Amino acid sequence: MGPTFRILTVLLLALSWHSVHAQRFSIESPLLKTTTSVVIEPIGNVTAATSVYYLTDGAKLLDAGYLERLKALHGAGKIPAAYYVFVGTVDETDGIDQRNRYFFCNPDYLSFFEKEVLPRVEKTIGKTLEPTQRGLIGISFGGLNAAWFAAKSEAFTQYALLSPVTYPCNELGAAISFSTNTALNIYISTGTNDAETYAEPLRRLFEGKGYRVHFEKTKGGHDFENWAGQLETLFRFFRVGHP
């Protein structure tokens, strides 16, 4: 083995390590005038993976043990190898949670995702992806945000709306009805002790657009345990709908 070959091997190993290890950074956003935390967690053999799944309310989901749940599901062969990206809502400069401002059909938050989050994440992992390779998962008001993105953004084709609560955004229905997006895959859920009145109208709107929709009604409530219990189901739905 010559010195040139050894150098190339070391470089390739270094690049591989960089691409498959967790990355944590902050984005100082000119659009939002806040500083947002982003955590990229590779699960499984991501060197060949072609999907990135974004989870809003990222810090809360990490605190609730979702990373461990995702790793366990992958270890059991129930979810795909992929990059899972947890996007926070707390402004790191002052500690104020901005989720209501971000999630209530905010065009600036949409631009923040498209212009600041996606390019930074894909530069970090060294992959340029197509919309069919990106998914967005939101809980509660994050489900409202995911519905808004489904109507307004062309950056994703996979969406999961877990217990969506939509009353803060009166324009959502019209935005979905007049959207020019096609071929979306949308998972919507509610529970027997959940905000049921918001999920069913969304289901009808998205089905009326001809999208591939899965509607899940659980026995749970409006809580992290109920949503965590749906991870296997929603990723199975995503996987079947992936080109």
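**Exercise 1. Classify the ring pair Y54 and F156 in this predicted model.**

Solution. Start with the total: the pairing rule gives 25 aromatic pairs. Now take Y54 and F156. Their ring centres are 5.8 Å apart. Pairing requires centres within 6.5 Å. Next, check the planes, which meet at 90°. Planes over 60 degrees apart count as edge-to-face, so Y54 and F156 form an edge-to-face pair.

**Exercise 2. Work out which parts of the chain Y54 and F156 tie together.**

Solution. Place Y54 in strand β3, residues 52-56. Place F156 in the loop between α6 (141-152) and β6 (158-162). The pair therefore joins parts 102 residues apart in sequence.

**Exercise 3. Decide for Y54 and F156: buried or exposed?**

Solution. Buried means under 20% relative accessible area. Y54 has 0%, so Y54 is buried. F156 has 2%, so F156 is buried.

**Exercise 4. Treat F104 and F141 in the manner of a ring pair.**

Solution. The centres lie 4.8 Å apart, with 80° between the planes. This pair is edge-to-face. F104 sits in the loop between α4 (99-103) and α5 (107-125), and F141 in helix α6. They are 37 residues apart. F104 has 27% relative accessible area, so F104 is partly exposed. F141 has 12%, so F141 is buried.

**Exercise 5. Find the ring cluster that holds Y54 and F156.**

Solution. Follow the ring pairs. They link Y54, Y102, F103, Y109, F112, F113, F149, F156 and Y159.

**Exercise 6. Test the protein chain against the globule rule.**

Solution. For 243 residues, a compact globule would have a radius of gyration near 18 Å. The chain has 18 Å, so the two agree. Buried residues make up 53% of the chain.

Conventions. Residues numbered from 1 in each chain as written. Predicted model: local features only at pLDDT ≥ 70, side-chain atom pairs only at ≥ 80, totals over all residues. Heavy atoms only, no water. Rg over C-alpha atoms; globule rule 2.2 N^0.38 Å. Buried < 20%, exposed > 50% of the residue type's maximum accessible area, 1.4 Å probe, protein only. Phe/Tyr/Trp six-rings, centres within 6.5 Å; stacked < 30°, edge-to-face > 60°. Helix = DSSP H or I, 4+ residues; strand = E, 2+ residues; numbered from the N terminus.
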